[in-house]
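This briefing concerns one strand and its partners, followed by one residue elsewhere in the chain. The sequence and structure are shown below.

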Amino acid sequence: MVEQAAFQSAALTRGSRGLKVVWSDSWSPAMDDALNHLPPPPGVSRDQYRELLLPTQHAKRHALVLENDAPIAIISIRRRGKAWEPVSYQALSGFVAPAVDPAALGRAINALGIELKIESGLSDDAMRMGARHAWPYDVVRVFLQTDYEDHWLLDDRKHMKHISSARKKCKRMHLVVDGDGDLEWTVNQWETNWASSSALETVAAPDRIRFWKSLRTAPGMDDTMRVHTYLLYDGETPVSGAIATSIGEDQLGQCLGQLPAYRNRGVGTRVLDATLQHAAAAGYRVHDFGGGHDYKALWGPFGTQRYAAIFRPGLIEALQWCRD
(Lines give C-alpha, C1' and ligand atoms only; values in the text may rest on other atoms or scores of the structure.)
Protein backbone atom coordinates (compact mmCIF):
# COMPACT_ATOMS: atom_id res chain seq x y z
CA MET A 1 0.00 0.00 0.00
CA VAL A 2 2.85 2.38 0.80
CA GLU A 3 4.56 1.59 -2.51
CA GLN A 4 1.32 2.25 -4.39
CA ALA A 5 0.78 5.53 -2.54
CA ALA A 6 4.35 6.64 -3.35
CA PHE A 7 3.83 5.72 -7.01
CA GLN A 8 0.57 7.70 -7.22
CA SER A 9 2.07 10.66 -5.39
CA ALA A 10 4.92 10.87 -7.91
CA ALA A 11 2.42 10.77 -10.77
CA LEU A 12 0.55 13.74 -9.27
CA THR A 13 3.59 15.94 -8.58
CA ARG A 14 6.01 15.41 -11.48
CA GLY A 15 3.88 17.45 -13.88
CA SER A 16 4.73 20.59 -11.93
CA ARG A 17 8.39 19.95 -12.79
CA GLY A 18 7.70 19.53 -16.50
CA LEU A 19 8.19 15.76 -16.30
CA LYS A 20 6.09 12.97 -17.78
CA VAL A 21 6.62 9.19 -17.44
CA VAL A 22 5.25 6.68 -19.95
CA TRP A 23 5.29 3.18 -18.42
CA SER A 24 5.17 -0.11 -20.29
CA ASP A 25 5.60 -3.77 -19.36
CA SER A 26 7.11 -4.41 -22.79
CA TRP A 27 9.43 -2.48 -25.07
CA SER A 28 7.54 -0.17 -27.41
CA PRO A 29 8.30 1.49 -30.77
CA ALA A 30 8.22 4.92 -29.11
CA MET A 31 10.88 3.81 -26.66
CA ASP A 32 12.93 2.35 -29.48
CA ASP A 33 12.81 5.67 -31.31
CA ALA A 34 13.85 7.56 -28.17
CA LEU A 35 16.70 5.11 -27.55
CA ASN A 36 18.10 5.89 -30.99
CA HIS A 37 18.34 9.57 -30.01
CA LEU A 38 19.89 9.11 -26.58
CA PRO A 39 23.60 8.43 -26.00
CA PRO A 40 24.42 4.69 -26.12
CA PRO A 41 26.07 2.90 -23.19
CA PRO A 42 29.87 3.23 -23.14
CA GLY A 43 31.56 0.59 -25.26
CA VAL A 44 28.44 -1.13 -26.60
CA SER A 45 25.94 -0.53 -29.36
CA ARG A 46 22.26 0.16 -28.86
CA ASP A 47 21.45 -3.24 -30.38
CA GLN A 48 23.66 -4.94 -27.80
CA TYR A 49 21.97 -2.99 -25.01
CA ARG A 50 18.60 -4.18 -26.32
CA GLU A 51 19.58 -7.72 -25.32
CA LEU A 52 19.04 -6.63 -21.71
CA LEU A 53 15.51 -5.42 -22.43
CA LEU A 54 14.04 -8.77 -23.44
CA PRO A 55 11.63 -10.48 -21.02
CA THR A 56 12.78 -13.23 -18.65
CA GLN A 57 11.10 -15.07 -15.78
CA HIS A 58 11.68 -11.96 -13.64
CA ALA A 59 9.34 -8.99 -14.03
CA LYS A 60 10.62 -6.02 -16.05
CA ARG A 61 9.18 -2.59 -16.71
CA HIS A 62 10.26 0.28 -18.94
CA ALA A 63 9.81 4.00 -18.29
CA LEU A 64 10.20 6.64 -20.99
CA VAL A 65 10.79 9.92 -19.18
CA LEU A 66 10.12 13.20 -20.93
CA GLU A 67 10.95 16.71 -19.80
CA ASN A 68 8.98 19.45 -21.52
CA ASP A 69 7.88 16.72 -23.98
CA ALA A 70 11.46 15.80 -24.97
CA PRO A 71 12.91 12.36 -24.01
CA ILE A 72 15.61 12.65 -21.35
CA ALA A 73 15.92 8.99 -20.27
CA ILE A 74 14.61 5.47 -20.77
CA ILE A 75 14.86 3.52 -17.54
CA SER A 76 14.38 -0.24 -17.79
CA ILE A 77 14.10 -2.02 -14.46
CA ARG A 78 13.96 -5.58 -13.18
CA ARG A 79 12.24 -6.78 -10.01
CA ARG A 80 14.62 -7.99 -7.33
CA GLY A 81 13.13 -9.04 -4.02
CA LYS A 82 11.09 -6.10 -2.72
CA ALA A 83 12.88 -3.47 -4.79
CA TRP A 84 13.79 -2.75 -8.39
CA GLU A 85 17.18 -2.55 -10.08
CA PRO A 86 18.28 -1.37 -13.56
CA VAL A 87 18.43 -4.16 -16.14
CA SER A 88 22.03 -3.09 -16.72
CA TYR A 89 23.00 -4.06 -13.17
CA GLN A 90 25.26 -7.16 -12.99
CA ALA A 91 25.87 -7.05 -16.75
CA LEU A 92 26.97 -3.55 -17.80
CA SER A 93 28.88 -2.23 -14.82
CA GLY A 94 28.65 1.47 -14.00
CA PHE A 95 25.82 2.18 -16.43
CA VAL A 96 22.25 2.74 -15.23
CA ALA A 97 20.15 3.68 -18.26
CA PRO A 98 20.30 5.76 -21.47
CA ALA A 99 19.94 9.43 -20.56
CA VAL A 100 20.86 12.89 -21.80
CA ASP A 101 23.34 13.31 -18.91
CA PRO A 102 23.73 12.22 -15.26
CA ALA A 103 21.68 15.13 -13.92
CA ALA A 104 18.79 14.28 -16.26
CA LEU A 105 19.06 10.63 -15.24
CA GLY A 106 18.75 11.63 -11.58
CA ARG A 107 15.65 13.72 -12.28
CA ALA A 108 14.15 10.87 -14.28
CA ILE A 109 14.74 8.21 -11.59
CA ASN A 110 13.29 10.41 -8.87
CA ALA A 111 10.18 11.00 -10.98
CA LEU A 112 9.32 7.29 -11.13
CA GLY A 113 7.89 6.97 -7.63
CA ILE A 114 9.57 3.61 -6.98
CA GLU A 115 12.50 2.36 -4.93
CA LEU A 116 15.49 1.69 -7.19
CA LYS A 117 18.62 0.05 -5.80
CA ILE A 118 22.00 0.29 -7.56
CA GLU A 119 24.31 -1.59 -5.25
CA SER A 120 27.64 -1.10 -7.01
CA GLY A 121 29.58 0.32 -9.91
CA LEU A 122 28.54 3.99 -9.97
CA SER A 123 30.90 6.93 -10.39
CA ASP A 124 30.77 9.91 -8.05
CA ASP A 125 27.90 11.20 -10.20
CA ALA A 126 25.79 9.18 -7.75
CA MET A 127 26.36 11.93 -5.18
CA ARG A 128 24.80 14.50 -7.50
CA MET A 129 21.83 12.53 -8.83
CA GLY A 130 19.50 13.12 -5.90
CA ALA A 131 19.65 9.61 -4.46
CA ARG A 132 18.03 9.14 -1.06
CA HIS A 133 21.21 7.37 0.04
CA ALA A 134 24.59 7.15 -1.72
CA TRP A 135 27.84 5.87 -0.30
CA PRO A 136 31.37 5.06 -1.52
CA TYR A 137 33.18 1.76 -1.27
CA ASP A 138 36.76 0.74 -1.99
CA VAL A 139 37.68 -1.05 -5.20
CA VAL A 140 40.59 -3.47 -5.60
CA ARG A 141 42.69 -3.04 -8.74
CA VAL A 142 45.61 -5.25 -9.77
CA PHE A 143 48.15 -3.44 -11.96
CA LEU A 144 49.17 -6.25 -14.25
CA GLN A 145 52.31 -4.75 -15.80
CA THR A 146 53.98 -4.52 -12.38
CA ASP A 147 55.19 -7.16 -9.92
CA TYR A 148 51.64 -7.55 -8.66
CA GLU A 149 52.44 -10.80 -6.82
CA ASP A 150 54.35 -8.72 -4.25
CA HIS A 151 50.98 -7.87 -2.72
CA TRP A 152 50.42 -11.55 -2.03
CA LEU A 153 53.49 -11.59 0.23
CA LEU A 154 51.95 -9.22 2.77
CA ASP A 155 50.70 -10.47 6.14
CA ASP A 156 53.29 -13.22 6.44
CA ARG A 157 52.80 -14.45 2.84
CA LYS A 158 49.31 -15.67 3.74
CA HIS A 159 47.73 -15.20 0.31
CA MET A 160 50.78 -16.50 -1.55
CA LYS A 161 50.51 -19.71 0.47
CA HIS A 162 46.91 -20.17 -0.68
CA ILE A 163 47.85 -19.53 -4.30
CA SER A 164 50.86 -21.85 -4.16
CA SER A 165 48.65 -24.57 -2.67
CA ALA A 166 46.01 -24.07 -5.41
CA ARG A 167 48.67 -24.18 -8.14
CA LYS A 168 49.96 -27.47 -6.75
CA LYS A 169 46.52 -29.08 -6.37
CA CYS A 170 45.46 -27.95 -9.87
CA LYS A 171 48.77 -28.76 -11.57
CA ARG A 172 47.21 -31.32 -13.94
CA MET A 173 44.32 -29.03 -14.88
CA HIS A 174 44.41 -26.71 -17.87
CA LEU A 175 42.94 -23.28 -18.68
CA VAL A 176 40.84 -22.54 -21.76
CA VAL A 177 40.37 -18.89 -22.75
CA ASP A 178 37.28 -17.80 -24.70
CA GLY A 179 36.15 -21.35 -25.39
CA ASP A 180 32.82 -22.18 -27.02
CA GLY A 181 30.10 -22.68 -24.43
CA ASP A 182 32.35 -21.55 -21.57
CA LEU A 183 30.39 -18.35 -21.00
CA GLU A 184 27.12 -20.23 -20.53
CA TRP A 185 28.75 -22.81 -18.24
CA THR A 186 30.30 -20.15 -16.01
CA VAL A 187 27.16 -18.02 -15.65
CA ASN A 188 24.95 -21.05 -15.03
CA GLN A 189 27.37 -22.40 -12.43
CA TRP A 190 27.56 -18.95 -10.82
CA GLU A 191 23.76 -19.01 -10.66
CA THR A 192 23.85 -22.42 -8.96
CA ASN A 193 26.49 -21.31 -6.46
CA TRP A 194 24.36 -18.31 -5.41
CA ALA A 195 20.96 -20.01 -5.55
CA SER A 196 20.51 -19.96 -1.77
CA SER A 197 21.70 -16.38 -1.28
CA SER A 198 19.29 -14.03 0.45
CA ALA A 199 20.62 -11.30 -1.87
CA LEU A 200 19.04 -13.08 -4.86
CA GLU A 201 22.28 -12.80 -6.84
CA THR A 202 20.94 -15.09 -9.56
CA VAL A 203 18.31 -12.70 -10.89
CA ALA A 204 20.44 -11.38 -13.77
CA ALA A 205 21.78 -14.71 -15.07
CA PRO A 206 19.66 -14.91 -18.28
CA ASP A 207 20.39 -11.26 -19.10
CA ARG A 208 24.12 -11.73 -18.53
CA ILE A 209 24.31 -14.64 -20.94
CA ARG A 210 22.43 -12.90 -23.77
CA PHE A 211 24.19 -9.57 -23.36
CA TRP A 212 27.71 -10.96 -23.00
CA LYS A 213 27.22 -13.33 -25.95
CA SER A 214 26.38 -10.30 -28.07
CA LEU A 215 29.81 -8.85 -27.18
CA ARG A 216 31.49 -11.88 -28.73
CA THR A 217 30.82 -10.42 -32.16
CA ALA A 218 31.99 -6.90 -31.30
CA PRO A 219 34.80 -5.51 -33.45
CA GLY A 220 38.18 -5.40 -31.73
CA MET A 221 38.44 -1.63 -31.30
CA ASP A 222 39.90 0.24 -28.32
CA ASP A 223 36.58 1.82 -27.35
CA THR A 224 34.39 -1.28 -27.61
CA MET A 225 33.59 -3.64 -24.77
CA ARG A 226 34.78 -7.24 -25.06
CA VAL A 227 34.01 -10.27 -22.93
CA HIS A 228 36.50 -12.97 -21.98
CA THR A 229 35.98 -16.35 -20.36
CA TYR A 230 38.62 -18.22 -18.38
CA LEU A 231 37.62 -21.81 -17.66
CA LEU A 232 39.66 -24.38 -15.75
CA TYR A 233 39.25 -27.99 -16.85
CA ASP A 234 40.08 -31.21 -15.07
CA GLY A 235 40.49 -33.39 -18.12
CA GLU A 236 37.25 -32.76 -20.03
CA THR A 237 35.33 -31.60 -16.95
CA PRO A 238 34.91 -27.83 -16.42
CA VAL A 239 35.48 -27.12 -12.74
CA SER A 240 35.76 -23.33 -12.32
CA GLY A 241 35.27 -20.34 -14.60
CA ALA A 242 35.68 -16.58 -14.48
CA ILE A 243 34.24 -13.93 -16.78
CA ALA A 244 35.71 -10.49 -17.36
CA THR A 245 34.79 -7.58 -19.61
CA SER A 246 37.23 -5.05 -20.97
CA ILE A 247 37.46 -1.71 -22.72
CA GLY A 248 40.91 -0.80 -23.98
CA GLU A 249 43.62 -1.89 -21.55
CA ASP A 250 41.36 -2.23 -18.50
CA GLN A 251 39.70 -5.51 -17.57
CA LEU A 252 36.88 -5.87 -15.05
CA GLY A 253 36.08 -9.13 -13.27
CA GLN A 254 32.39 -9.97 -13.50
CA CYS A 255 31.53 -13.35 -12.02
CA LEU A 256 33.03 -16.63 -10.86
CA GLY A 257 31.50 -20.11 -10.84
CA GLN A 258 32.91 -23.36 -9.51
CA LEU A 259 31.88 -26.94 -8.84
CA PRO A 260 31.37 -27.37 -5.09
CA ALA A 261 33.01 -30.81 -5.24
CA TYR A 262 36.27 -29.15 -6.32
CA ARG A 263 36.22 -26.29 -3.85
CA ASN A 264 38.72 -27.93 -1.49
CA ARG A 265 41.20 -28.12 -4.35
CA GLY A 266 41.28 -24.33 -4.64
CA VAL A 267 39.92 -24.18 -8.19
CA GLY A 268 38.39 -20.72 -7.67
CA THR A 269 41.71 -19.35 -6.47
CA ARG A 270 43.53 -21.05 -9.32
CA VAL A 271 41.24 -19.72 -12.04
CA LEU A 272 41.63 -16.14 -10.74
CA ASP A 273 45.40 -16.60 -10.59
CA ALA A 274 45.40 -17.90 -14.17
CA THR A 275 43.11 -15.07 -15.29
CA LEU A 276 45.62 -12.48 -14.06
CA GLN A 277 48.51 -14.32 -15.70
CA HIS A 278 46.76 -14.50 -19.06
CA ALA A 279 45.51 -10.90 -18.92
CA ALA A 280 49.01 -9.64 -18.12
CA ALA A 281 50.51 -11.62 -21.01
CA ALA A 282 47.81 -10.27 -23.33
CA GLY A 283 48.88 -6.71 -22.48
CA TYR A 284 46.09 -5.61 -20.19
CA ARG A 285 47.11 -2.85 -17.78
CA VAL A 286 44.59 -3.37 -14.97
CA HIS A 287 42.36 -6.14 -13.68
CA ASP A 288 39.59 -4.61 -11.59
CA PHE A 289 38.17 -6.86 -8.86
CA GLY A 290 35.49 -4.39 -7.81
CA GLY A 291 34.46 -4.36 -4.16
CA GLY A 292 31.96 -5.79 -1.75
CA HIS A 293 33.81 -8.90 -0.55
CA ASP A 294 36.73 -8.94 1.87
CA TYR A 295 38.65 -11.64 -0.02
CA LYS A 296 39.28 -9.26 -2.93
CA ALA A 297 41.71 -7.18 -0.86
CA LEU A 298 43.98 -10.24 -0.72
CA TRP A 299 44.55 -9.98 -4.48
CA GLY A 300 45.60 -6.36 -4.78
CA PRO A 301 45.57 -2.86 -3.28
CA PHE A 302 42.63 -0.51 -3.11
CA GLY A 303 42.87 1.48 -6.31
CA THR A 304 39.83 3.74 -6.41
CA GLN A 305 36.33 4.28 -5.06
CA ARG A 306 32.95 3.64 -6.60
CA TYR A 307 29.47 4.27 -5.29
CA ALA A 308 26.22 2.56 -4.48
CA ALA A 309 22.88 4.33 -4.27
CA ILE A 310 19.27 3.88 -3.27
CA PHE A 311 16.61 6.06 -4.87
CA ARG A 312 13.58 5.94 -2.60
CA PRO A 313 10.37 8.04 -2.46
CA GLY A 314 9.72 9.91 0.78
CA LEU A 315 6.79 7.71 1.82
CA ILE A 316 8.84 4.53 1.50
CA GLU A 317 11.74 6.20 3.33
CA ALA A 318 9.38 7.08 6.19
CA LEU A 319 8.21 3.48 6.40
CA GLN A 320 11.80 2.27 6.41
CA TRP A 321 12.62 4.76 9.18
CA CYS A 322 9.74 3.40 11.27
CA ARG A 323 10.94 -0.16 10.73
CA ASP A 324 14.49 0.76 11.71
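**Strand β11 and its surroundings**

Strand β11 has both of its faces covered: V286, D288 and G290 are buried on one side, and H287 and F289 are buried on the other. The model is predicted. The points below take up the enclosure of β11, its pairing, and the setting of H62.

**Enclosure of β11**

- Strand β11 spans residues 286–290, and five of its five residues are buried, so the strand is largely enclosed by the rest of the structure.
- In a regular strand, side chains alternate between the two faces of the sheet.
- That division appears here as V286, D288 and G290 on one side, with H287 and F289 on the other.

**Pairing of β11**

- Strand β6 (residues 133–143) pairs with β11 in the antiparallel sense, over four bridges.
- Within this pairing, V140 has G290 of β11 as its bridge partner.
- Strand β10 (residues 250–258) runs parallel to β11 and is joined to it by three bridges.
- D250 stands opposite V286 in β11.
- From β10 the chain passes through helix α8 (residues 267–281) to β11, forming a right-handed β-α-β crossover.

**Setting of H62**

- H62 lies in strand β2, which covers residues 60–67.
- Its relative accessibility is 2%, below the 20% cut-off, and H62 therefore counts as buried.
- The side chains of H62 and S76 are joined by a polar contact of 2.8 Å.
- Beyond its neighbours within four places in sequence, H62 is in contact with residues including V22, W23, D25, W27, M31, L53 and I75, as well as S76.

Definitions and conventions
Residues numbered from 1 in each chain as written. Predicted model: local features only at pLDDT ≥ 70, side-chain atom pairs only at ≥ 80, totals over all residues. Heavy atoms only, no water. Buried < 20%, exposed > 50% of the residue type's maximum accessible area, 1.4 Å probe, protein only. Helix = DSSP H or I, 4+ residues; strand = E, 2+ residues; numbered from the N terminus. Pairing = 2+ DSSP bridges. Right-handed = clockwise from strand over helix to strand, strands pointing away. Polar contact = N/O pair within 3.5 Å; in protein donor to acceptor, adjacent residues only side chain to side chain. Contact = heavy atoms within 4.5 Å.
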